[in-house]
Structure formats: C-alpha cells, structure tokens
Amino acid sequence: MAGNETRKSNVALREVTEDDLEVFFEQQNDPEATAMAAFPARDRKDHFAHWHKVLGDNTLISRTVTVEGRVAGNVGSWEQEGERNVGYWIGKSFWGRGVATSALSQLLEIVPMRPLYGYVARHNQGSIRVLQKCGFTLDRENEEHGILQLVMVLES
C-alpha cells in the first residue's frame, strides 16, 4: 500500500487525481444527493474550477474515497471562518454501506487539528449518523440560505 493511502476493510483513501474529477462531477450532479445534502450541483465549468482551486491549496486536505478500487466519492478538511471543517460526498450507489463512516474515520487519523466541525442539513439523517459514529456531537443549530443545519463538533 502506498504511503499516501490508508485502508480499512474495502474502503480506502488516496490522493485525488484529475481522473477522479469527472466521477465527482457525476456524483454531485445527482438530484437525490443534492437534495439530501441541501447543496446545489455545480455546472461542469464551476465544478472543475472548484476542484482545481482545492487541489492547488495546500491548506486543504482532500482525498478520494475508493471501494475495492472504484471511486466512491471524496472526503476533506478545510478552514472556514476560523473553524476547521470536514466534509464528504459519497456517490449514491455507495450509500448505506458504511463507506462515509469509514472514510471520515480514516480522515480523522490524517487531520490532527481539533476541534473539527461538520455542517449537515437537519433532514440528512444518514450524514448525522455518520458524524455521530465518528464521535461528533451537536454543537449548535443554524440556518443558512433557508436550510436548517446542525453543526456537529469533534473536540478530541
């Protein structure tokens, strides 16, 4: 296993490659996924511009999530408004299999900073469970752009 790859069961994290970006585009373009995340899909131009910005910023940590070698999504951490955040996007065909929980758990081993924050739409029960399984607890609720969000925190 390469030094930049971590693995638990059949879920692995690795560095993001240019080839992954097309898969990420298709995953974030799924209407059910965008409704669940309460996050609008980006058009092709904006998607690739966003990812090239992410990949060019060494303060961000981003990894491709794979399941048995297939790209299942991505997971990452970044600083925003004085908080260190985590986030993930898992393709719908991988939902309900523990992929997000495993990927986030592995990311937490890579990211030493604490506290970490995860923002999740209040209606996204699956993602709330992922954060809880990884040790996050409710910090506060807020509303952004008409979306009720839970702000979850991992203190240690």
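Leaving aside its neighbours within four places in sequence, which residues is Thr 66 in contact with? In this predicted model, the list takes in Asn 10, Val 11, Ala 12 and Arg 14 on one side of the numbering, and Val 71 and Ala 72 on the other. Thr 66 itself sits in strand β3, which covers residues 61-67. With a relative accessibility of 6%, Thr 66 falls under the 20% cut-off, so it counts as buried.

Stepping back to the whole protein, there are five helices and eight strands. Read from the N terminus, the order is β-β-α-α-α-β-β-β-α-β-α-β-β. The radius of gyration is 15 Å, and a compact globule of 156 residues would come out near 15 Å, so the two agree. Along the principal axes, the C-alpha atoms take up a box of roughly 40 × 35 × 30 Å. Of the 156 residues, 44% are buried. Among contacts with a separation of 6 or more, 55% come from residues 24 or more positions apart in the chain.

As for the surface, about 8,500 Å² is exposed, and carbon and sulfur atoms supply 50% of that area. The protein carries 17 positive and 22 negative charges, and the mean positions of these two sets are 5 Å apart.

Back to one of the contacts of Thr 66, namely Arg 14. Arg 14 belongs to strand β2, residues 11-15. Its relative accessibility is 23%, which lies between the 20% and 50% cut-offs and therefore makes Arg 14 partly exposed. The side chain of Arg 14 makes a polar contact of 2.8 Å with the side chain of Asp 20. Leu 138 is 124 residues from Arg 14 along the chain, and the C-alpha atoms of the pair are 29 Å apart.

Another charged residue worth a look is Glu 83, found in strand β5 (residues 83-90). Is Glu 83 buried or exposed? At 13% relative accessibility it is under 20%, so Glu 83 counts as buried. Residues up to four places away in sequence aside, Glu 83 touches Trp 78, Tyr 117, Tyr 119 and Arg 140. With Arg 140, the side chain of Glu 83 also forms a polar contact of 2.8 Å. Of these partners, Tyr 117 and Tyr 119 fall within the span of β6 (116-121), while Arg 140 falls within that of β7 (137-144).

The backbone has a few quirks too. Most residues other than glycine have a negative phi, and most peptide bonds are trans. The bond from Arg 114 to Pro 115, however, is cis, with omega near 0 degrees. Pro 115 is part of the loop that runs between α4 (99-110) and β6 (116-121).

Where do the positive phi values turn up? One belongs to Glu 68, which is not a glycine but has a phi of about 50 degrees. Glu 68 is in the loop between β3 and β4 (70-80), and it is exposed, with a relative accessible area of 64%. His 145 is another non-glycine residue with a positive phi, near 55 degrees. The loop holding His 145 links β7 (137-144) and β8 (147-154). His 145 has a relative accessible area of 76%, so it is exposed as well.

Conventions
Residues are numbered from 1 along each chain as its sequence is written. This is a predicted model: local features need pLDDT of at least 70, side-chain atom pairs count only at pLDDT 80 or more; totals for chains, interfaces and linings use all residues. Side-chain values use heavy atoms; hydrogens and water are left out. Helices (H or I, at least four residues) and strands (E, at least two) are DSSP runs, numbered from the N terminus. The radius of gyration is taken over C-alpha atoms; the globule rule is 2.2 Å times the number of residues to the power 0.38. Buried means under 20% relative accessible area, exposed over 50%, partly exposed in between (1.4 Å probe, protein chains only). Contact means heavy atoms within 4.5 Å. Accessible areas come from the Shrake-Rupley method with a 1.4 Å probe; for residues, only the protein chains shown count as cover. Lys and Arg count as positive and Asp and Glu as negative; His and the chain ends are not counted. The place of a charge is taken as NZ of Lys, CZ of Arg, CG of Asp or CD of Glu. A polar contact is a pair of N or O atoms within 3.5 Å; within protein, one must be able to donate a hydrogen and the other to accept it, and residues adjacent in sequence count only if both atoms are side-chain atoms.
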